[in-house]
Amino acid sequence: MSFSAIVVAAGEGLRAGPGEPKAWRLLGGRPIVRWSIEALLGAGASDVVVVVAPDRLAAAADALEGLAGWRAISGGKTRSQSVRAGLSALRGSHPVLIHDAARPFVTAAHVERLLAALEAVDGAVLALPVPDTLKRGEALVAETVSREGLWRAQTPQAFHFERLRAAYAVWPADEEPTDDASVAERAGARVALVRGDPMLMKLTWPEDFQMAERLAGSQRIVRTGFGLDAHRFGPGDAVVLGGVRISHDRGLVGHSDADAGLHALTDALLGAIAEGDIGQHFPPSDPQWKGAASDRFLAHAVALAQAKGGRILNVDLTLVCERPKIGPHRDAMRARIAAIMSIPLDRVSVKATTTEGMGFTGREEGLMAQAVVGVEIPL
Ligand code: MG
């Protein structure tokens, strides 16, 4: 189901202690606001409006660089003013999810549960039953409160767009709701309680950030991709391999520059993120890739991985040929690949081997490259 989302990131987060407002702090190396945006885009959001403080529009562009499908707008002094601003920026009759940037661990599974529930009701909130005994009091207990039927409401919260907009239209401007569901409830909306998740903790107090940092590691997995390519030798005086031009008594035949090394690497990276293969992205039938330098193919795959929140851990390229000798050019290839992929040199391996005269590489009809790439990516 198509949906749009409003991510509220305009708060000061005063309870979180000194420093940057919490949405802009780093968690697992990424700005906290980016976690939610990546997850919502990954879950299929067609339009994500990020509501930020007026002086944070540039910061949002930096924090969300490389992602497509979001836009930032200025929020108001209170959370509800920011939600109202987000609602006015949206069009259409899609379901809308309202989410607090301070809950970074939202996943596609949460979104699916909300959208499924929304088919039968006006709104749906992720919520957890209260497991602890509840006390009311100050320094001393005044009473023990029954927890029966009590839930902790989380975000995202999902609504039919017009229903929520109409509810906000009649909500008093001088009253601040603690969540969006309460606005809808007062307007008579039926709001479903949907199974929430302890991982959807709200970063509020300084100690929450330490716990979140530990959880952040558990929310990313390592995926591996494999790539293989071969090109035929033909007339020429040089080959391009691993992004490096090497003088040789023959050339390599191909539609682009025939750099089998970078092609194998590109396919390995596309494989790790399950984004098809190099031929799908750069069809050989398309004349614009004729003679093209292959670094742009690899850079394109890197950009796709980054857009998914991926971080390239390592690459390992093996070139299989009798000649030219790779050893003298190994470090130049490593440096070139590291530069194209924007990763440190010590994460790039280039190896070479022969097939001892056997097969097409042994007969020097052509050469082959195999590559493995490791990518750390959100779960
Ligand atoms: Mg190729």
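This report walks through the predicted model, from its overall layout to a few local details.

## Overall layout

Let's start with the big picture. The chain has 12 helices and 18 strands. Its radius of gyration comes out at 27 Å, well over the 21 Å that the globule rule gives for 379 residues, so the chain is more spread out than a compact globule. If you lay the C-alpha trace along its principal axes, you get spans of about 90 × 45 × 40 Å.

There are two domains to keep track of: domain 1 runs over 4-217, and domain 2 over 220-378. Taken over C-alpha atoms, their centres sit 43 Å apart.

## Where the two domains meet

How many residues of domain 1 are in contact with domain 2? Seven are, and they touch six residues of domain 2. The area buried between the two domains is about 400 Å², and carbon and sulfur atoms give 41% of that. On the domain 1 side, R30, E38 and G217 are the ones to look at: this trio supplies 53% of the area that domain 1 buries against domain 2, more than any other three residues.

What about specific pairings across this interface? The rule finds zero salt bridges between domain 1 and domain 2. The search for residue pairs in polar contact also gives zero, with both residues required to be at pLDDT 80 or more. As for secondary structure, α1 (32-42) and α7 (206-218) each supply at least two residues of the side of domain 1 that touches domain 2. Sorted by class, that side has two nonpolar, two polar and three charged residues.

## Salt bridges and a long-range tie

Side chains of opposite charge can pair when their charged atoms come close. For this model, the rule's count comes to 20 salt bridges. One of them is between the side chains of R56 and E20, at 3.5 Å from N to O. R56 lies in the loop between β4 (45-52) and α2 (57-63), while E20 is in the loop between β1 (3-9) and β2 (26-27), so the pair ties together parts that are 36 residues apart in sequence.

## R79 and its surroundings

Another arginine worth pulling up on screen is R79, found in helix α3 (residues 79-89). Which residues does R79 contact, leaving aside its neighbours within four places in sequence? The list is V8, I98, D100, E176 and D180. With D180, the side chain of R79 also makes a polar contact of 2.9 Å.

## Backbone details

Two cis peptide bonds are easy to find if you go to the right prolines. One is the bond from T155 to P156, where omega is near 10 degrees; P156 is found in strand β10 (residues 151-160). Another is the bond from R323 to P324, with omega near 0 degrees. P324 lies in a loop, the one between β16 (311-320) and α11 (330-341).

Then have a look at A274. This residue has a positive phi of about 55 degrees although it is not a glycine. You'll find A274 in the loop between α8 (260-272) and α9 (278-281).

Note on methods:
Residues are numbered from 1 along each chain as its sequence is written. This is a predicted model: local features need pLDDT of at least 70, side-chain atom pairs count only at pLDDT 80 or more; totals for chains, interfaces and linings use all residues. Side-chain values use heavy atoms; hydrogens and water are left out. Domain bounds come from an automatic or database domain assignment. Contact means heavy atoms within 4.5 Å. Buried area is the accessible area (1.4 Å probe) that two parts lose on being put together, summed over both. A salt bridge is a side-chain nitrogen of Lys or Arg within 4 Å of a carboxyl oxygen of Asp or Glu. A polar contact is a pair of N or O atoms within 3.5 Å; within protein, one must be able to donate a hydrogen and the other to accept it, and residues adjacent in sequence count only if both atoms are side-chain atoms. Helices (H or I, at least four residues) and strands (E, at least two) are DSSP runs, numbered from the N terminus. Ala, Val, Leu, Ile, Met, Phe, Trp, Tyr, Cys and Pro count as nonpolar, Asp, Glu, Lys and Arg as charged, and the others, Gly among them, as polar. The radius of gyration is taken over C-alpha atoms; the globule rule is 2.2 Å times the number of residues to the power 0.38.
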